[in-house]
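Trainee: I am new to this structure and would like a close look at a single part, the nonpolar core. Could you walk me through what builds that part and what surrounds the topic?

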Amino acid sequence: MVAAAKKTELFLGQPYRAGDAPDPGAGSIDNVPHGPVHVWTGDPRQPNAQDMGNFYSAARDPIFYAHHGNLDRLWHVWRGLRPGVNTDFADPDWLDASFLFYDEEARLVRVRVRDCLDTAALRYTYQDVGLPWLNDRPAKASARTPAPAAGSLPATLDKTVRVTVTRPRISRTRKEKDEEEEVVVVEGIEIADHFNTFIKFDVLVNEPESGASAGDVASAAAAGYCAGSVALTPHMIRLDKEKKKGLVKTVARFGVCDLMDDIGADGDKTVVVSLVPSHVFGSHTI
């Protein structure tokens, strides 16, 4: 919402046009909080975590509407964090994209994205409530020696993998950082069976050896080094005639300018990026 998503593409996701490969990369809000809430609300006793825990059945749960209404509210909040900076896409391919809905009289109507961007024109607004989380960032992490690189990519992410990454530029001015965000890109994410697999892994930068424990990013020690998370809700769909599995390939991106400052790594030529699996049902590779 704040540090990892200062640019529109980082918050809302990458462009996806007809003819493009699917799943070019979701935005930060789609990963967290969108994905985990679906899975936390799903019923683990059901074969596919219905209702909220799987894409095909999620809308059958009454909380679905409240959940997505809140995501719309968070988009509204994000726009107001940096007025004039947090703007929507200006690309006509996005603005003129349209969807078909049935109106209150069961008539099929076409709605364009550009028709839905002004909440005042749509005659609704959100209550002005406190945002205690807005400035409740993790305690500034100390500049300690990071845990050494362990493993290599590509890899099956059944344990923490750490790789050394060379940064393109170091010690930039505040103006340079505001104009161009430094981004950690995790490419080649492959999920072998996205029908029944919920995937969540965390991306940490320069986490020290003492805090490197899989699945413990919620701890205060690890949170200070966390760039963001990938959380993908299962998409149960009909198998084709050959019974192929639901292979999904995607990319994750996280803005890290603020994080580099917080952990004292802004002048480092290299950093250690850790991929920490925190919730895995099934298999996926990076």
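Here is a walk through the core, with a little of the chain around it.

Mentor: Happy to help! Please keep in mind that this is a predicted model, where local features need pLDDT of at least 70, side-chain atom pairs count only at pLDDT 80 or more, and totals for chains, interfaces and linings use all residues. Residues are numbered from 1 along each chain as its sequence is written, and side-chain values use heavy atoms, with hydrogens and water left out.

Let us begin with the chain. Its secondary structure comes to 7 helices and 9 strands; helices (H or I, at least four residues) and strands (E, at least two) are DSSP runs, numbered from the N terminus. Of its 286 residues, 39% count as buried, where buried means under 20% relative accessible area, exposed over 50%, and partly exposed in between, using a 1.4 Å probe and protein chains only.

Now to the core. A nonpolar core is a set of buried Ala, Val, Leu, Ile, Met, Phe, Trp, Tyr and Cys residues joined through side-chain atoms within 4.5 Å. The largest one has 29 residues, and Val186, Phe201 and Val203 touch the most other members. At least two residues of this core come from each of strand 3 (161–166), strand 4 (183–191), strand 5 (199–205), strand 6 (226–232), strand 7 (248–255), helix 7 (257–262) and strand 8 (270–280). Strand 5 gives the largest share, 5 residues. As background, nonpolar side chains tend to be buried together in soluble globular proteins.

Take Val203 as a place to zoom in. Leaving out residues up to four places away in sequence, Val203 touches Val184, Val186, Tyr225, Cys226, Ala227, Gly228, Phe254, Val273, Ser274 and Leu275; a contact here means heavy atoms within 4.5 Å. Apart from this core lies another, of 11 residues, with Ile29, Leu74, Trp78 and Leu117 among them.

The partners of Val203 include Cys226, which counts as partly exposed because its relative accessibility is 23%. Cys257, by contrast, counts as buried because its relative accessibility is 2%. A search of the whole structure finds 0 disulfides, a disulfide being a pair of cysteine sulfur atoms within 2.5 Å.

Finally, contacts over the whole chain: among those with a separation of 6 or more, 73% are between residues 24 or more positions apart. If you turn the model, start from Val203 and find its partners Val184 and Leu275.
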